[in-house]
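Here are my comments on the model you passed along, set out as numbered points. Please read them with the structure open beside the text.

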Amino acid sequence: MERQGKDRDEWIVGGHRFSSRLLMGTGKFQDAETMVGAVLASGAQIVTVALRRVGRNPREDDMLGPFQRLGGITLMPNTSGARNASEAVRAARLGRELSGSPFVKVEIHPNPHHLMPDPIETFEAARTLAAEGFVVMPYMPADPVLAKRLEDVGCASLMPLGSAIGSGRGLATAEMLRLILRDARIPVIVDAGLRSPSEAAAALEMGCDAVLVNSAVAASGDPIAMAAAFAQAVEAGRSAHRAGLMPQGGGPALATSPLTAFLSVEGP
């Protein structure tokens, strides 16, 4: 599968092309107006919405409605709240019916105390939904073995966590992410744990295709300004990756200019 457009710096997931490499979540915002403003400021083209926040009453609590009225947004319902594969599959089918989107972020975390994704239930749900034609994007532990299994059953992307969801601890799984990136033939998107735009830039520099952020924007002092900052960081990180970073030195310091004798007391 092609991972990047040839003429523009696009990336492809499930046969759909995107230019923005920043995905946005919609939880924790103080109100729908701020949420929509942050999404617009981010330039995100893929937005994930928890199924339990779709079609809510009062209408201002409905997170799906505002994005259906905007252009250029691909909705990705997620299965947050599912405790096992059966619940996730049921939620995904309902999400497709309500949103009309084939995208689904499989999210299964049975333990509310740490919200770590369940690898076994995630695999089972992903296999079922991929066979049904969904564009499956699983939130998963940063496990290279699980990543290959999910790719083999037809997932459209991999979404390993950078660190525990909502923790703001950044790319704590960096070494595992590098192993996943080395072998992946589908897009790799860092999901969860990012706190600052510089961490998003680092993920793109590393070679990740995109990042998804939510709490880092929604819980910031100015969500709209922070969304714009993440967008700039993602572009910078991607540009740096394409340009190629210089090799890291492991030995003694090397002068960047020749050490000539121009300061020597000896004359010509």
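**Notes on the model**

1. The lining of the largest pocket comprises 33 residues, and those that lie nearest its centre are Gly-27, Lys-28, Ile-165, Asn-214 and Ser-215. The model is a predicted one, and the space in this largest pocket comes to about 710 Å³. Three elements, β4 (46-50), β10 and α8, each supply at least two residues of the lining, with the largest share, three residues, coming from β4. Sorted by class, the lining has eleven nonpolar, 15 polar and seven charged residues.

2. Lys-28, one of the residues that lie nearest the centre of the largest pocket, deserves a second look for its backbone. Lys-28 lies in the loop between β3 and α1 and has a positive phi of about 75 degrees, although it is not a glycine. As a general background, most residues other than glycine have a negative phi. With a relative accessible area of 59%, Lys-28 counts as exposed, because the cut-off for that class is over 50%.

3. A second residue of this kind is Leu-115, which is not a glycine either and has a positive phi of about 60 degrees. Leu-115 is found in the loop between β6 (103-106) and α4. Is Leu-115 buried, exposed or partly exposed? Its relative accessible area is 29%, and Leu-115 is therefore partly exposed.

4. The second largest pocket has a volume of about 240 Å³ and is lined by 14 residues, with Ser-19, Ser-20, Arg-21, Val-234 and Glu-235 lying nearest its centre. Helix α9 gives the largest share of this lining, seven residues. By class, the lining of the second largest pocket has three nonpolar, six polar and five charged residues.

5. Helix α9 (residues 223-243) has 21 residues, and the distance from its first C-alpha to its last is 30 Å, close to the 30 Å expected at 1.5 Å a residue. The buried residues of α9 are Pro-223, Ala-227, Phe-230, Ala-231, Ala-233, Val-234, Gly-237, Arg-238 and Ala-240, a list that includes Arg-238 alongside several alanines. What covers them includes β3 (22-24), α1 (32-42), α7 (197-206), β10 (210-213) and α8 (215-218). After α9 comes Gly-244, which has a positive phi near 90 degrees.

6. Turning to the interior, the largest nonpolar core has 60 residues, and Val-136, Leu-158 and Val-211 are those with the most contacts inside it. Apart from this core lies another, of 14 residues, among them Val-13, Leu-23, Ile-189 and Ala-210. In soluble globular proteins, nonpolar side chains tend to be buried together. Which residues does Val-211 contact, leaving aside its neighbours within four places in sequence? They are Arg-21, Leu-22, Leu-23, Ile-189, Val-190, Leu-194, Ala-200, Ala-203, Leu-204 and Val-234.

7. Leu-212 lies in strand β10 and, at 5% relative accessibility, counts as buried because the limit for that class is under 20%. The C-alpha atoms of Leu-212 and Leu-22 are separated by 5.9 Å, although the two residues are 190 residues apart along the chain. Not counting residues up to four places away in sequence, Leu-212 touches Leu-23, Met-24, Gly-25, Thr-48, Met-76, Met-159, Ile-189, Val-190, Asp-191 and Ala-192.

8. Ala-126 lies in helix α4 (residues 119-131), and it counts as buried because its relative accessibility is 0%. Leaving aside neighbours within four places in sequence, Ala-126 is in contact with Val-136, Leu-150 and Cys-155, and Val-136 is one of the residues with the most contacts inside the largest nonpolar core. Ala-126 and Val-106 are 20 residues apart in sequence, with 6.9 Å between them in space, C-alpha to C-alpha.

9. For the protein as a whole, there are nine helices and ten strands, and buried residues make up 50% of the 268 residues. Of the contacts with a separation of 6 or more, 64% are accounted for by residues 24 or more positions apart.

Definitions and conventions
Residues are numbered from 1 along each chain as its sequence is written. This is a predicted model: local features need pLDDT of at least 70, side-chain atom pairs count only at pLDDT 80 or more; totals for chains, interfaces and linings use all residues. Side-chain values use heavy atoms; hydrogens and water are left out. A nonpolar core is a set of buried Ala, Val, Leu, Ile, Met, Phe, Trp, Tyr and Cys residues joined through side-chain atoms within 4.5 Å. Buried means under 20% relative accessible area, exposed over 50%, partly exposed in between (1.4 Å probe, protein chains only). Contact means heavy atoms within 4.5 Å. Helices (H or I, at least four residues) and strands (E, at least two) are DSSP runs, numbered from the N terminus. The expected span of a helix is 1.5 Å times one less than its number of residues. On a 1 Å grid over the protein atoms alone, a cavity is a set of points where a 1.4 Å probe fits but cannot get out, and a pocket is an open set with protein on both sides within 12 Å along at least five of seven lines; lining residues have an atom within 4 Å of a point. Grid points are joined across faces, edges and corners, and a volume is the space filled by probe spheres set on the points. Ala, Val, Leu, Ile, Met, Phe, Trp, Tyr, Cys and Pro count as nonpolar, Asp, Glu, Lys and Arg as charged, and the others, Gly among them, as polar.
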